[in-house]
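Colleague: Hey, got a minute to walk me through this one? I'd like to go over the metals and a few backbone oddities.

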Amino acid sequence: MAFVHLHIRQWPELVAAHGLEAAESALREAEARLTAVLRTGDHLFRSGLGDLCLILPRLLGDGHATLAAQRFLRELEPPFPLDGTAVHLLPTLGVALATDPAESPESLQRRAATAVVHALRDGQPVGIAAQFGADRMVHELRDALARNALELEYQPIVTLPERRVVGYEALARWCRTSGGRVAPSVFIPMAEDAGLAAELTRWSLQVALREFAPLHRRRPDLYCAVNLSARAFDDPSVPEQVLAALAVWQLPPEALMSEVTETAILRNVGQNAQALAELASHGVRLAIDDFGQGYSSLGYLRHLPAGVLKVDQSFVAAVDDPRSRVLLEAITRMGQRLGMRTVAEGVEDDAMLGAALEAGCDFGQGWLFGRPAPMALWLED
Ligand code: C2E
Ligand code: MG
Ligand code: MG
C-alpha cells in the first residue's frame, strides 16, 4: 500500500488573489481529475487546506507508486479555470510505502507529509519517504558494527568441470537483536548510505582474514574473497589498510581476492582503478563482481588489473532463455580473451551448471557446490 500526500504550492496565493470560493473550485476540479484515474479500492480525501491525500492499497510492484505519482502530476498539468482566467496548479507529492505491518496509519501519513517537505527543499515534484524504521535500523547496524555483532559466512568457489575448491567468498550476515535476519542486499546499501562503508569494509577484511588464516595454513593454495564496498575507496588509505591486515594475519597477498562490483569501479574510475592497481602490484588478486548487471561500460576493462570476472547470476539463472546463454558465453569469451578467468555465479542446479560449462566458464559458485556457511564448518572438512 502507498500513501500519497499532494500539496499545492501556491495555495495561499490562490486564496489571497481569487478568494477561498474560487480556489476551492479549482481544488474540486483537481479531485475530479484524479478520481477519474484512480483504481477500484483507491481512496482520495482532503487534508487540511489545499492538500489532498490518496491511499493506494493495491500496488502492483515496486515502481507502481512512483508511476502513479507521475500519472497524478500529468493529470494536473492542464490549466484550471479560475475566475474567468486559467491557472496552472503547482503540485508537490510525497509518497510513503507501507511495508511494515507494525506501522500505524498516523506514522504512514506523517512520512508522506515529511516526504513533501523534503521534495520542496530539494526542488523535486515527487518525494519518496524513507523506509519505516530506517533510522532505527541504521542505528542498530552502526551499533552492531561497533560491537562486532555481524558475522561472515563463506561460500566455496570451485573449478569447472572438476569442482575442486580454489577459494571461499566471505559474505556478511546480520541478525538483529530482535532475532530477525536482514539480507545483505538490504543492509549493505543501507550501511553505505549511512556513511558506514569504510567501517564495514574494514570489519569484513579483518574478520575474513582472521577466520581464514587457520584454513590457509593447512591449504596455502586457497584464497579468501572479500567484497569491498562501493564507497570504501573514497578513503585513499584503503590499499594500505588491506596490506596491513594481511600482514597482521601473516597471509601472503595472493591469499586475498578483493571483489569489487563494476558499479563501484565506475563511481570514480580514476581513483578506484589506481587503488586497485596498487593492490594488484603487491600481489592481491582482484575480481570484478556481478559483471553485466549494471551499465557495463567495458572501457575500464582496458586498464584494470583484474584476474577474475564474476558473471552476474542473472545470466546463469536464465537457463531457458537462449539470449541469456549467448550473453553468458560472450562475456566468458571476452573475459578470457582479456586474460581473465571467469566465475559463473549462482549455480543452483545441474541445468545452470550445464549452461556454465557450455559457456566455458572456468569456475563456478553456487548452492550446487556449497551454501555459505561459517568457517568452522569448512575447517572440519
Ligand atoms: P555477491 O558478492 O555477488 O555474493 C553472491 C551472492 O549470491 C550472495 O548473496 C550469495 O549468498 C548468493 N548465492 C550464492 N549461491 C547462490 C545460488 O546458487 N543461488 C542464488 N540465488 N544465490 C546464490 P548474499 O549473501 O545475500 O549477498 C548479497 C550481496 O551483498 C553480495 O553479492 C555482495 O555484493 C554484498 N555483500 C555481502 N557481504 C558483504 C560484505 O562483507 N561487504 C560488502 N561490501 N558487501 C557484501
Ligand atoms: Mg561478491
Ligand atoms: Mg556477485
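Modeller: Sure, let's take the metal sites, then the pocket, then some other spots; keep in mind that this is a predicted model.

Colleague: OK, which residues coordinate the magnesium ion (ligand 2)?

Modeller: Glu169 and Glu259 through OE, Asn227 through OD1 and Asp289 through OD, at 2.0 to 2.2 Å. Along the sequence, those donors are spaced E-x57-N-x31-E-x29-D. Asn227 sits in strand β11 (residues 223-227) and Asp289 in strand β13, so that pair ties together parts 62 residues apart in sequence.

Colleague: And what coordinates the magnesium ion (ligand 3)?

Modeller: Asp289 and Asp290 each through OD, plus Glu345, which is listed twice through OE, with distances of 2.0 to 2.6 Å. The spacing of these donors along the chain is D-D-x54-E. Here Asp289 in strand β13 pairs up with Glu345 in the loop between β15 (341-344) and α13 (350-359), so parts 56 residues apart in sequence are tied together.

Colleague: How far apart are the two ions, and which residue coordinates both?

Modeller: They're 4.0 Å apart, and Asp289 coordinates both.

Colleague: Is Asp289 buried or exposed?

Modeller: Buried, with a relative accessibility of 5%. Glu345 is buried as well. Asn227, on the other hand, is partly exposed at 27% relative accessible area.

Colleague: Switching to the pocket: how much space lies in the largest pocket?

Modeller: About 1200 Å³. Its lining has 40 residues, and those nearest the centre are Leu171, Pro184, Asn227, Asp289 and Asp290. Asn227 and Asp289 are also donors to the magnesium ion (ligand 2), and Asp290 is a donor to the magnesium ion (ligand 3).

Colleague: What's the lining of the largest pocket like by class?

Modeller: It splits into 16 nonpolar, 13 polar and 11 charged residues.

Colleague: And which element gives the most to that lining?

Modeller: β9, with 6 residues. Several elements supply at least two residues each, among them β8 (151-159), β9 (165-175), α7 (197-218), β12 (256-261) and β13 (285-291).

Colleague: Speaking of β12, what does Ser258 touch?

Modeller: Ser258 lies in strand β12. Setting aside residues up to four places away in sequence, Ser258 touches Val226, Leu228, Leu279, Val284, Arg285, Leu286 and Ala287. Ser258 counts as buried because its relative accessible area is 2%, and the cut-off is under 20%.

Colleague: Now the backbone. Where is there a cis peptide bond?

Modeller: Between Leu160 and Pro161, with omega at about 0°. Pro161 is in the loop between β8 and β9.

Colleague: Which residues have a positive phi although they're not glycine?

Modeller: Asp83 is one of them, with phi at about 55°, and Asp290 is another, at about 50°. For context, most residues other than glycine have a negative phi, and most peptide bonds are trans.

Colleague: Where are those two found?

Modeller: Asp83 is in the loop between β4 (80-82) and β5 (85-87), while Asp290 is in strand β13. Asp83 is exposed, at 54% relative accessible area. Asp290 is the one that also coordinates the magnesium ion (ligand 3).

Colleague: Let's jump to the N-terminal strands. How does β3 pair with β1 and β2?

Modeller: Antiparallel in each case: 6 bridges join β1 (residues 2-8) to β3, and 5 bridges join β2 (residues 43-47) to β3. As examples, Ala2 has Leu56 as its bridge partner in β3, and Phe45 has Cys53.

Colleague: What's between β2 and β3?

Modeller: They form a hairpin with 3 residues between them, and Gly48 in the turn has a positive phi of about 65°.

Colleague: How many residues of β3 are buried?

Modeller: 5 of its 6, so strand β3 (residues 51-56) is mostly covered.

Colleague: Last one: what is Gln313 in contact with?

Modeller: Glu345 and Gly346, leaving aside neighbours within four places in sequence. Gln313 lies in helix α11 (residues 313-317) and is partly exposed, at 43% relative accessibility. Its C-alpha atom is 9.6 Å from that of Leu328, 15 residues apart along the chain. And Glu345 brings us back to the metals, as one of the donors of the magnesium ion (ligand 3).

Methods: Residues numbered from 1 in each chain as written. Chains lettered and ligands numbered in written order. Predicted model: local features only at pLDDT ≥ 70, side-chain atom pairs only at ≥ 80, totals over all residues. Heavy atoms only, no water. 1 Å grid on protein atoms, 1.4 Å probe; cavity = no way out; pocket = protein on both sides within 12 Å on 5 of 7 lines; lining within 4 Å. Points joined across faces, edges and corners; volume = space filled by probe spheres on them. Helix = DSSP H or I, 4+ residues; strand = E, 2+ residues; numbered from the N terminus. Nonpolar A, V, L, I, M, F, W, Y, C, P; charged D, E, K, R; others polar. Donors = N, O, S within 2.8 Å, 3.2 Å for Na, K, Ca; no water. Buried < 20%, exposed > 50% of the residue type's maximum accessible area, 1.4 Å probe, protein only. Contact = heavy atoms within 4.5 Å. Pairing = 2+ DSSP bridges.
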